[in-house]
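Welcome, and thanks for taking a look with me. Below are some points to read with the structure open beside you.

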Amino acid sequence: MPTPYEKARDDNIKRNRETLLALGLDELKTYIPPKTAKKDVAPTAKSRKRKSPSLQDSKEEDESGAKVLRTHATQDITNASGVRRSARNAGKTVDYKSEVIKTLPEVISTAAKNAQNSEGKKTSERRHTPKQYGHIPDVEVGHWWPTREACSADSVHAPWVAGIAPGKDGAYSVCLSGGYEDDVDEGYAFTYTGSGGRDLKGTKIAPKNLRTAPQSSDQTFDNNFNRALKVSADTNKPVRVVRGFKNRSEYGPEEGYRYDGLYQVINAWTERGLNPGGYLVCKYTFRRLPNQPLIPTRVLDGSPLASEGSSEGEDENDDEDQDRDAASSEG
DNA sequence: GGGCCCGCAGGG
DNA sequence: CCCTGCGGGCCC
């Protein structure tokens, strides 16, 4: 017998999922790589078998020198003594040497301080401003970082903690980190919950100085972050989306944070949130822009999801050259 | 595992 | 300066 909370949660999830699936997502799941002169040849023998659903597989043999990303499979991502990198691994025994080889790129920094971007530059030496709409130059869809700090250093999502990066004409970017249980992520569309309404400071007698906390009051669109996303729904500016490992869907990365490309906010509303006080939350529906690389999927623990990916047995998109020429920025 | 408390980015 | 915020390291 489900508790009232569980019932409310499941109702919300069911309703949200139906909304998302009604958006016609199938057309977004077929990415046809641009035909280049060099590659416009039927792949007779598949030279390389895709090792993982990861998007950031290297383009090692690209003679044009335009290679952007590379998977440093042999890099030992732990420190010499297997230092724990973050709370996500607390208590877990993970054999990175064997596991990581499949998917993860090189970990750039294990320290919160001096976060480096993918070029070894620090946040203060960003090459691009994060305050722009659309893709960040040279950062491919599928790019992966170990931490929010590293993602910030690459200008894709600037805040280290906040899920929304607000701008005048809408949000520049959001991060999906599974902060709200009734958010639904169908990959090519998802629902998102705003911020605010949390008591971060505690009381005078018991000050907290927290960064996140349970809901304790209503969220409104007066909040900067929430207003920005509402504006996004009006201006249709593209929003960069980063998925984090806390995202409880098959579309979340197993570790770290991954850039999943551009989305549009297509709806914004408020509703009674899934919190004990029944406080209002701001909700949004996001839909992915077409012509972007497919999103990697994973198998959730203890969940009988279909095996990974959507293309086991389909060969059309087997080519790894999924260039990032999706919807352009600005409009 | 959970609690604490910090730095940092960005806006007012 | 102040405030906020779906991190993360450290200690227990």
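1. Let us begin with the cysteines, and with one cut-off: two cysteine sulfur atoms count as a disulfide if they lie within 2.5 Å. Please keep in mind that the model is a predicted one. The closest cysteine sulfur to that of Cys 282 is in Cys 175, and at 18 Å it is too far for a bond. Cys 282 is buried, its relative accessible area being 0%.

2. How far is the sulfur of Cys 175 from the closest cysteine sulfur? That neighbour is in Cys 151, 6.8 Å away, which is again too far for a bond. Cys 175 is buried as well, with 3% relative accessibility. Searching the whole structure gives zero disulfides.

3. Aromatic rings offer something else to look at, with eight aromatic pairs found in the whole structure. One of them joins Phe 221 and Tyr 284: the ring centres are 6.1 Å apart and the planes stand at 75°, so this pair is edge-to-face. Phe 221 sits in the loop between β4 (189-193) and α4 (224-235), while Tyr 284 belongs to strand β7 (residues 280-288), so the pair ties together parts 63 residues apart in sequence.

4. Do stay with these two residues for a moment. Phe 221 is buried at 19% relative accessible area, and Tyr 284 is buried at 0%. Over the face of Phe 221 lies Lys 230, 4.9 Å from the ring centre. Elsewhere on your screen, you can pick out one aromatic cluster formed by Phe 190, Tyr 192, Tyr 263 and Phe 286.

5. Is His 135 buried or exposed? His 135 is buried, with a relative accessible area of 10%. This residue is placed in the loop between α2 (96-103) and β1 (144-145). The side chain of His 135 makes a polar contact of 2.6 Å with that of Tyr 259. His 135 and Gly 261 are 126 residues apart in sequence, yet their C-alpha atoms are 7.3 Å apart in space.

6. Now for DNA strand B, which is surrounded by 14 residues, the closest being Lys 131, Ala 158, Trp 160, Arg 211 and Asn 224. By class, the surface near the strand has seven nonpolar, three polar and four charged residues. Of the strand's atoms within 4 Å of the protein, 63% belong to sugar or phosphate, and the rest to bases.

7. Three individual approaches to DNA strand B are worth a look. Arg 126 has a polar side-chain atom 3.5 Å from a phosphate oxygen. For Pro 166, a polar backbone atom is 3.3 Å from a phosphate oxygen. A polar backbone atom of Asn 209 lies 3.3 Å from a base nitrogen.

Conventions. Residues numbered from 1 in each chain as written. Chains lettered and ligands numbered in written order. Predicted model: local features only at pLDDT ≥ 70, side-chain atom pairs only at ≥ 80, totals over all residues. Heavy atoms only, no water. Near = heavy atom within 4 Å. Polar contact = N/O pair within 3.5 Å; in protein donor to acceptor, adjacent residues only side chain to side chain. Nonpolar A, V, L, I, M, F, W, Y, C, P; charged D, E, K, R; others polar. Helix = DSSP H or I, 4+ residues; strand = E, 2+ residues; numbered from the N terminus. Buried < 20%, exposed > 50% of the residue type's maximum accessible area, 1.4 Å probe, protein only. Phe/Tyr/Trp six-rings, centres within 6.5 Å; stacked < 30°, edge-to-face > 60°. Lys NZ or Arg CZ within 6 Å of the ring centre and 35° of its normal.
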